Structure formats: C-alpha cells, structure tokens
Amino acid sequence: MTEYPVVRPLSRGWIISSEPLGPESKLTLNFPGCLRLRVKLTGARPDTKYIIGLNAYGADLPVLGGARRLAFDPVPSLVGGLRGAAVSQYRLGTLRTGAIGKGRFKRWLPVEPGTYELQAWVATAAAGGLYQICYQSGQRFGDAERITVPPYAVRPSPRLVQRVIRPVVEAARARADLWRLTRRFPELRRFRGLAASCRETLRPCRDEYVSTISTDVMAISLELGASLLVLCELLKPQRILDLGSGFSSVVFRRYMLDARPEPAVCTVDDSPDWLEKTRGFLASHSLPTSDLVTWDSFLQQGRGSFDLVLYDLFGPMQLRIAALPRALQLARAGRIIVLDDIDREIYGPYARRLVKQSRMPSYSLRLLTRDSFGRYALLIEARQEVSASTLLSSGPERPAPAGPEDDDG
Ligand SMILES: C[S@@+](CC[C@H](N)C(=O)[O-])C[C@H]1O[C@@H](n2cnc3c(N)ncnc32)[C@H](O)[C@@H]1O
C-alpha cells in the first residue's frame, strides 16, 4: 500500500533538456480522501505558461480522474523504465510562473481505486499543437511512480463531493464536451472568439432589460445570450423557437433583423403578462414583435419542428420538468436544443437522464455559458426517432420540492 504523500523531484525533460530548473521543483501525490496532484516549479523561466500533464503506463484508460486522454500509444518506442508498457497521456491544465520563475499547480483526480504507474510532466506548447516536455517527475520517460489508490472505505463527505469532486468532474466533462461539439459541428470552431465580441454587443441591452423589466437571475445570462447569437450566426437556423420570453427574445430577434434569408422566430411564454412585457421591450428597441404566442396556443397550433430551440420556459422548476419531454420533440433531427439551468439540482440530473434515454447526443456548454450564479446550459442534438412514449415514460425520480428557490430561473 502506498504511503502518502509521495514526493518526487522534477528533472529536465525527455524532449527538451536545456530549460532552467530549480532544485526544489517537485511532484507531490497525496490522498486526503481523493487523489490530489501538486506540481511545484522553482527556478524555471519567469512569466511563462507551462502545460501540466500526466502519463499513465501499462493501462488503457480513456479518462483518468476526470481528465480526457490526449494520446494513447500501446507500444511506445521511448519507454526506458517500463519497457513495453502502453502509455496514456493526459493534459491536466496550465501553470504560469511568476517574476522569479516560481509556480504551483494543483489538481484533484477522483480516480477509481486501483494501482497506477504515473509520471507527471511539464511542457511548453510548440507550433502545430505539439508539447515540448521540458520537465518530468523521475529521471526519464517511463520512470513512473507506482501508487495504490485505496478503496473508498469512507465515502467522501458531501462537502468534498460538492466543493471539490463535482466541480472537477463537471469542468473535465465541459472541456471534453466542447471538443466533441466542435468535432460534430466543425462550423462551431470559432465559437469562443465570436462569443467574446457578442457579449460586448449585447451587454448594454441586457443591462437595460434586467434593470427595467426583469431581473438578472430570471433573464438568460449574458454568456448564454452571446452563445445563442453565435450559434445562430454559425449554424444559420431558419426556424427558431424561443421557449420562455424575455432577453432571449431580444437575442433571437436581433439575429432575425440582420440575417438573410430572414429566419422565422417564434417566442412562447406560459404567462400572457410576460409575453406583453417582452413585446413592449422589443418594440421599444425597434425589434420585430411578430409571432409571440402563449404555450397553450402554441401546443394547439401544431407548428412543426425547428432548427434551434431554447428551452427556458416556466419559472417554477416542477413545470419545466413536466414540459421537458414535449420540448425535446420540437427540433428537427440533427438540429439543436439548448436547455438553460442544467446546473439546477433536480432539473439538471433529470434532464440529462431523459436526454440520455432518448439517445440524443448532448454537450455541456459550461465553459461558454457559466455565469456568476453558476448557471449554465446543455446543448442537445435532436433525433427524430425519439418516440413520445420513450420520453413520457421517464418522469423525474423524485418530485421537485416546492419552495421559494423554485422561482428563480
Ligand atoms: C427563466 S424565465 C425566461 C427568461 C427568458 N428566456 C429571458 O431570457 O429573459 C421563465 C419564465 O418566467 C417568467 N419570468 C420572466 N422574467 C420574470 C421575472 N423577472 N419574475 C418572474 N417571472 C419571470 C416568464 O413567464 C418566463 O417565461
């Protein structure tokens, strides 16, 4: 059994051996209820961004402690200490050194219990996306640390799960999902760059909306608004469905005004009062006010399917849960549905489970849409073959609790 903490000095790397490195540079692996990795750099290049990574030898693990595998080599040619062992390579994050070349990096790795051969590495990025490994734990490639992660005899405390494990897993899922999303929709490669400028375009109008008509927590976030605008600009939907009127209606109708051919935008609300408030705000900004309908009349009208659906309808989460199966049927196959508030405690897991059961691919938009309240969205690729019976047979595992928290959107 491994005695924690495990401390290994860093040495000059197997690709670049000329980078400066102080003697106190080290890797520390510890296990305070969950595997934790720390890298300390001293005497390195000042004000430099380094990539921190990990090699796992002898195992074929596509994901390790929430980190997605970068590369896998079943028969590496460079292995010294572990001849012939397969290598999985993971990128954990980045570290920036300060003015005197010092820097620290910490990452929780919620790995399954078992034995691992791990070697940390530190790299600079080179042209063509290559990593130049300039430091490593151990002396050479393959000189790994063999550690045992014990079975979790004690369940991690809810605080550890809530404060540490869940955010680590969610952040890793978000990074992996963004990568999957741009592979599935290559048009979205420019997403991040465009979102930054769209945020600035929308900011004044959102500030006005949340200070004169609605509230910061009820309106979609600036981050989601910008992401929706970018999705529109890159995917060019012709039929847009805005479920839950408000600032989202402003975003879609701004796009409607500029796009050619002009897309159709239908805005729906369960509340006639909020529909009228939205109409007033749109009119005051000279934005189109056509096709604003109540949820009941929308359902009666049989409007067919859409290219882009935003589902942000109903303040109370019980109602949002109840109508979600219907909302998931409103997009054309191959087109997208965006669910806001996927971070919400009961709604989020329920929505993910329903989407998974319906075999619709989904992608966390946490990296692009997370706001100061911690809210973020999920993007779903619609599948036509989803039958109503599949969707309707999967109600939430437990009813959403009633209470004041149910009223914030
Ligand atoms: C989460 S909100 C929808 C927000 C909308 N998509 C937006 O971007 O502003 C869900 C529903 O709550 C209602 N609503 C909107 N703003 C509200 C507010 N400030 N207070 C109470 N209810 C509100 C509307 O009926 C709306 O459809």
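Seven strands make up an open sheet of mixed pairing, running in the order β14-β13-β12-β15-β16-β18-β17. Strands here are DSSP runs of E with at least two residues, helices are runs of H or I with at least four, and both are numbered from the N terminus; two strands pair if DSSP finds at least two bridges between them. At the edges sit β14 (292–294) and β17 (362–364), each of which pairs on one side only. From one strand to the next the twist averages 20 degrees, with axes taken as lines fitted to C-alpha atoms (for helices, over the stretch in contact) and angles running from 0 to 180 degrees between N-to-C directions. This is a predicted model, in which local features need pLDDT of at least 70 and side-chain atom pairs count only at pLDDT 80 or more, while totals for chains, interfaces and linings use all residues. Residues are numbered from 1 along each chain as its sequence is written.

Within that sheet, β15 (residues 306–311) and β16 (residues 331–339) run parallel and are joined by five bridges; Leu310 has Val338 of β16 as its bridge partner. On to β18 (residues 378–381), and the sense changes: β16 pairs with β18 in the antiparallel sense over four bridges, and Leu339 stands opposite Leu378 in β18. The run ends with β17, joined to β18 by three bridges, again antiparallel. There, Ser364 has Leu378 of β18 as its bridge partner. As general background, strands of a sheet pair through backbone hydrogen bonds, either parallel or antiparallel.

What about the packing? The largest nonpolar core counts 65 residues, and Val309 and Ile337 have the most contacts inside it. A core of this kind is a set of buried Ala, Val, Leu, Ile, Met, Phe, Trp, Tyr and Cys residues joined through C-beta atoms within 7 Å. Buried, in turn, stands for 20 or more other C-beta atoms within 10 Å of a residue's own, exposed for 12 or fewer, and partly exposed for anything in between, with C-beta atoms placed from the backbone. Helix α3 (residues 222–235) gives the most to this core, chipping in eight residues. Ile337 touches Val309, Tyr311, Ala327, Leu328, Ala331, Ile380 and Ala382, leaving aside residues up to four places away in sequence; contact here takes C-beta atoms, placed from the backbone, within 7 Å. There is also a second, separate core of 36 residues, with Trp14, Leu29, Leu54 and Ala172 among them.

Zooming out, the protein chain has ten helices and 18 strands. Its C-alpha atoms fill a box of roughly 70 × 45 × 40 Å along the principal axes. Of the 409 residues, 37% are buried. Take the contacts between residues at least 6 apart in sequence, and 73% of them join residues at least 24 apart.

The domain assignment gives domain 1 (6–154) and domain 2 (163–392), with bounds that come from an automatic or database assignment. Their C-alpha centres lie 39 Å apart. Six residues of domain 1 are in contact with seven of domain 2. On the domain 1 side, those residues split into four nonpolar, one polar and one charged; Ala, Val, Leu, Ile, Met, Phe, Trp, Tyr, Cys and Pro count as nonpolar, Asp, Glu, Lys and Arg as charged, and the others, Gly among them, as polar.

Val164 lies in helix α1 (residues 158–184) and touches Cys34 and Trp108, not counting residues up to four places away in sequence. Val164 and Trp108 are 56 residues apart along the chain, with 7.5 Å between their C-alpha atoms. Val164 counts as partly exposed because it has 18 C-beta neighbours inside 10 Å.

Asn55, in strand β4 (residues 49–57), counts as buried because it has 26 C-beta neighbours inside 10 Å. Among residues over four places away in sequence, Asn55 touches Val87, Gln89, Gln119 and Trp121. Arg69 is 14 residues from Asn55 in sequence and 9.5 Å away in space, C-alpha to C-alpha.

Strands β5 (residues 63–64) and β6 (residues 67–73) pair in the antiparallel sense over two bridges, with Arg68 of β6 as the bridge partner of Val63. This hairpin has two residues between its strands, and Gly65 takes a positive phi near 55 degrees. From β6, four bridges lead on to β7 (residues 87–96), also antiparallel, where Phe72 stands opposite Ser88.

Definitions and conventions:
Contact = placed C-beta atoms within 7 Å.
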